[in-house]
Amino acid sequence: MNTGIDISFPHIGIQIENLGKGITIGSFTIAYYGMIIAFGMVAGLFLARWQAKRTGQNPDFYSDFALYAIIFSIIGARLYYVIFSFDQYKNNLIQVFNIRGGGMAIYGAVITAVITAILYCRKKNYSFFLLADTACGGLILGQIIGRWGNFMNREAFGGYTDNFFAMRLKESEVAAGNITESIRSHMIVEDGISYIQVHPTFLYESLWNIAVLVLIIVFMKKRKFDGEIFLIYLVGYGLGRLWIEGLRTDQLLIPGTSVAVSQVLSGVLVIAGIIYWVYRRRTLRREKYQDTSSS
């Protein structure tokens, strides 16, 4: 390994040299993170439009909705992060508005997107659950792509590991607060440069979400009721986030505890999603039985 290697996966044989975090034009820098997030949003919209078209809906309805959803999701993602890491901002509140400095949380985006969808559907007299089924594939595609923004930023990684997917990063390019004692005790020094070796949790989540996306696409036309695909998203994403979040070193914690708020929220979504899915399935079977009996 030479001084030009910024990120590597030693057990896979992948080495990436001279990888910056953005494009600089004059005195202005455009972060790769922001570019990737923007690309994920556009890709998600196209997928939602495709899902709408293949299920006989008007794709333009989803384009109109996206204008509101994207704006409020960005605000929600930032607010969620700030609320659960307020100690970073309480002495300099102006930094709350410095999104370029980092600090977004996907669950905040999801929550505000759902609220926006409920209000939008109520105004347009449209089924929220039909919209949720159609749009959640685009949402998780955006998450799949967006996680690679974390890769470019050298963030959202886990603790020390020497497993097959272990990832090495230059210590100098990682936020000091995300490096645990366990990671430091396994520091690797080569050619005078210190590297940490960690779980690439961004990769785990991206791959997990690809599997969830496949389920969403396959079952879209096979759903038994509006909202069933959205439940697949909530339970599928929640299960993945539940275990992956436990590996990360940059968890947002419930104030006054050592409990990761995203793990709690994931657990609630998984349990609630399964309970509601079982309830709806049983209701449908009961209604079908009653119709058969009455005939």
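Reader: Let's start with M167. In which strand is the place of M167?

Author: Happy to start there, with the reminder that this is a predicted model. The place of M167 is in strand β5.

Reader: Is M167 buried or exposed?

Author: Buried means a relative accessible area under 20%. M167 has 3% relative accessibility, so the residue counts as buried.

Reader: Which residues is M167 in contact with, leaving aside its neighbours within four places in sequence? And how many Å separate the C-alpha atoms of M167 and P200?

Author: The contacts of M167 include I7, S8 and F9, then F151 and F157, and also I196, Q197, V198, P200 and F202. P200 is a good one to pick out, as it sits 33 residues from M167 along the chain. In space, the C-alpha atoms of the two are separated by 6.0 Å.

Reader: F202 brings me to α6. What do the buried residues of α6 pack against?

Author: Helix α6 covers residues 201-219, and its 27 Å from first to last C-alpha is close to the 27 Å expected for 19 residues. Its buried residues include T201, F202, L203 and Y204 at one end of the numbering, as well as V212, L213 and I216. They pack against α1, α4, β5 and α7.

Reader: Which span in Å should the 23 residues of α1 have, at 1.5 Å a residue?

Author: The end C-alpha atoms of α1 are 33 Å apart. That agrees with the expected span, which is 33 Å.

Reader: What covers the buried residues of α1, and which residue with a positive phi follows the helix?

Author: The buried residues of α1 include Y33, I36, G40, A43 and G44, along with L47 and A48. Their cover includes β4, α2, α4 and α6. After α1 comes a residue with a positive phi near 80°, and that residue is G56.

Reader: Where is the place of N18, and what is its phi?

Author: N18 lies in the loop between β2 and β3. Exposed means over 50% relative accessible area, and N18 counts as exposed because its relative accessibility is 63%. Most residues other than glycine have a negative phi. N18 is not a glycine, yet its phi is positive, at about 50°.

Reader: And R154, is it buried or exposed?

Author: R154 also has a positive phi, near 60°, without being a glycine. Its place is in the loop between α4 and β5. Its relative accessibility is 3%, so R154 counts as buried.

Reader: Let's move to the helices. Which residues does S73 touch, not counting those up to four places away in sequence?

Author: S73 belongs to helix α2, residues 59-83. With a relative accessibility of 12%, the residue counts as buried. The residues S73 touches are A109, T112 and A113.

Reader: Which residues is T116 in contact with, leaving aside its neighbours within four places in sequence?

Author: T116 sits in helix α3, residues 106-124. Its relative accessible area is 11%, so T116 is buried. Its contacts are F65, Y68, A69 and F72.

Reader: How far apart in space are F230 and I216, C-alpha to C-alpha?

Author: F230 is in helix α7, and its relative accessible area of 11% makes F230 buried. Its contacts beyond four places in sequence are V114, F128, A132, D133 and C136. As for I216, it is 14 residues from F230 in sequence, and the C-alpha distance is 8.3 Å.

Reader: Zooming out, what is the radius of gyration of the protein chain?

Author: The protein chain has eight helices and seven strands. For 295 residues the globule rule gives 19 Å, and the chain's value is close to that, so it is as compact as a globular protein of that length; the radius of gyration is 21 Å.

Reader: What percentage of the contacts with a separation of 6 or more comes from residues 24 or more positions apart?

Author: For background, buried residues make up 44% of the chain. Among contacts with a separation of 6 or more, the share from residues 24 or more positions apart is 71%.

Reader: Last one, on charges: how far apart do the centres of the positive and negative side chains lie?

Author: The chain exposes about 15600 Å², with carbon and sulfur atoms supplying 63% of it. There are 27 positive and 20 negative side chains. The centres of these two sets lie apart by 11 Å.

Technical notes. Residues are numbered from 1 along each chain as its sequence is written. This is a predicted model: local features need pLDDT of at least 70, side-chain atom pairs count only at pLDDT 80 or more; totals for chains, interfaces and linings use all residues. Side-chain values use heavy atoms; hydrogens and water are left out. Helices (H or I, at least four residues) and strands (E, at least two) are DSSP runs, numbered from the N terminus. Buried means under 20% relative accessible area, exposed over 50%, partly exposed in between (1.4 Å probe, protein chains only). Contact means heavy atoms within 4.5 Å. The expected span of a helix is 1.5 Å times one less than its number of residues. The radius of gyration is taken over C-alpha atoms; the globule rule is 2.2 Å times the number of residues to the power 0.38. Accessible areas come from the Shrake-Rupley method with a 1.4 Å probe; for residues, only the protein chains shown count as cover. Lys and Arg count as positive and Asp and Glu as negative; His and the chain ends are not counted. The place of a charge is taken as NZ of Lys, CZ of Arg, CG of Asp or CD of Glu.
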